[in-house]
Amino acid sequence: MKIFIDSADIDEIKQAYEWGIADGVTTNPSLLKKAVTKHKKKNKNLNLKNYINQILKIAKGSPVSLEVTETSKTGMLKQAKNIHKLFKSHKNVYIKIPINPAFKESDTTHFDGITVIKQLTKLKIKTNCTLIFTPEQALLAAKAGASFVSPFAGRIDDFIRVSNKLKVDKTAHYPVWGMQKKDKTLHDNGIVSGIDLVEQCVTILKHYNFKTQVLAASLRNTRQVRESAMVGSDIATLPFTVIKEMLKHQKTYEGMKNFTKDIVPEYVKLTK
Ligand code: G3P
């Protein structure tokens, strides 16, 4: 499974690439806002184009997703083309397009996201279809030619809990097999957990040999990373905090201390 870093913070991105574990970067408007706010404190004249160029350079050809902020069909298409043009020399920009840019049921723009993905695909501009909450959304995005579909695992777990008036602890483990209330498994239209959503997307896209890759997103703990890998997600995008947790185990620390205590000096002399 490829690991992307879900961040627009250049310090975090640089570190993840230095560790040699990052295969790509995903950003969204909220992550960009957080990063720009932080970096503007150090440099209030921050040049956003240079900043993004630096991120693309660090990623060295690996995919970097930049999201559109427009919500109309023409607006998204124009902005996607502009983003592509601005940064195309790096050859690694993927345009993030929402699966459905409508704000409410009565809007008439529900299919504008996949229409834009289809048009960008024809222009050979790569896309990452975001805000996926159902396998059928993933199927339509794949049919439109998206390179990646991003099911939001953590947010589905939040939604199932909120809809059932349960307390939401965003980073706590949510069981893959779902939560029970009054002997019933809670679900959102047959999706029992965020990882179940990821698995259903993987199953459907594999079944029909789509080239589209599943990019598990909105992951908030290391167990979800493991579970994403177990269900065959092609990619998992992870906040820096989650990446940092992945190598930690109390017994690893303890083992290190004990092995270090037992060092035979001659062995060190021989091998150093
Ligand atoms: O990858 C999408 C992600 O940035 C959203 O994460 O934790 O806000 O649901 P979260």
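This report walks through the ligand site, the largest pocket and the largest cavity of a predicted model.

## Who surrounds the ligand

Let's start with the ligand and its neighbours. The residues around the ligand are Asp6, Asn28, Leu31, Phe152, Arg155, Ala217, Ser218, Arg220 and Thr237. Sort this shell by class and you get an even split: three nonpolar, three polar and three charged residues.

## Contacts with ligand oxygens

Now for some distances. Arg155 has a polar side-chain atom 2.6 Å from an oxygen atom of the ligand. For Asp6, a polar side-chain atom lies 2.7 Å from a ligand oxygen, and for Asn28 the distance from such an atom to an oxygen of the ligand is 3.0 Å.

How much of the ligand does the protein cover? On its own, the ligand has 310 Å² of accessible area, and the protein covers 80% of that.

## The pocket that holds it

Where does the ligand sit? You'll find it in the largest pocket, which has about 800 Å³ of space. Lining this pocket are 32 residues, and those closest to its centre are Asp6, Asn28, Leu31, Arg155 and Pro239. Some of these names should ring a bell: Asp6, Asn28, Leu31 and Arg155 are also among the residues around the ligand.

Which elements give two or more residues to the lining of the largest pocket? They are helix 2 (29-42), strand 5 (127-132) and helix 10 (240-245). Helix 2 gives the most, with six residues. By class, the pocket lining is made up of twelve nonpolar, ten polar and ten charged residues.

## A cavity as well

Besides the pocket, there is a cavity to look at. The count comes to one cavity of 30 Å³ or more, and the largest cavity holds about 30 Å³ of space. Its lining consists of Gly154, Asp157, Arg161, Lys170, Ala172, Tyr174, Arg220, Asn221 and Gln224. One of these, Arg220, also turns up in the list of residues around the ligand.

Which helix supplies the largest share of this cavity's lining? That's helix 7 (residues 153-163), which contributes three residues. As for class, the lining of the largest cavity divides into four charged, three polar and two nonpolar residues.

## Pulling it together

To recap, the ligand sits in the largest pocket, with Asp6, Asn28 and Arg155 each placing a polar side-chain atom by one of its oxygen atoms. Helix 2 gives the most to that pocket's lining, while helix 7 provides the largest share of the lining of the largest cavity.

Notes:
Residues are numbered from 1 along each chain as its sequence is written. This is a predicted model: local features need pLDDT of at least 70, side-chain atom pairs count only at pLDDT 80 or more; totals for chains, interfaces and linings use all residues. Side-chain values use heavy atoms; hydrogens and water are left out. A residue is near a molecule or strand if one of its heavy atoms lies within 4 Å of it. A polar contact is a pair of N or O atoms within 3.5 Å; within protein, one must be able to donate a hydrogen and the other to accept it, and residues adjacent in sequence count only if both atoms are side-chain atoms. Accessible areas come from the Shrake-Rupley method with a 1.4 Å probe; for residues, only the protein chains shown count as cover. On a 1 Å grid over the protein atoms alone, a cavity is a set of points where a 1.4 Å probe fits but cannot get out, and a pocket is an open set with protein on both sides within 12 Å along at least five of seven lines; lining residues have an atom within 4 Å of a point. A molecule sits in a cavity or pocket if more than half of its atoms lie within 2 Å of its grid points. Ala, Val, Leu, Ile, Met, Phe, Trp, Tyr, Cys and Pro count as nonpolar, Asp, Glu, Lys and Arg as charged, and the others, Gly among them, as polar. Grid points are joined across faces, edges and corners, and a volume is the space filled by probe spheres set on the points. Helices (H or I, at least four residues) and strands (E, at least two) are DSSP runs, numbered from the N terminus.
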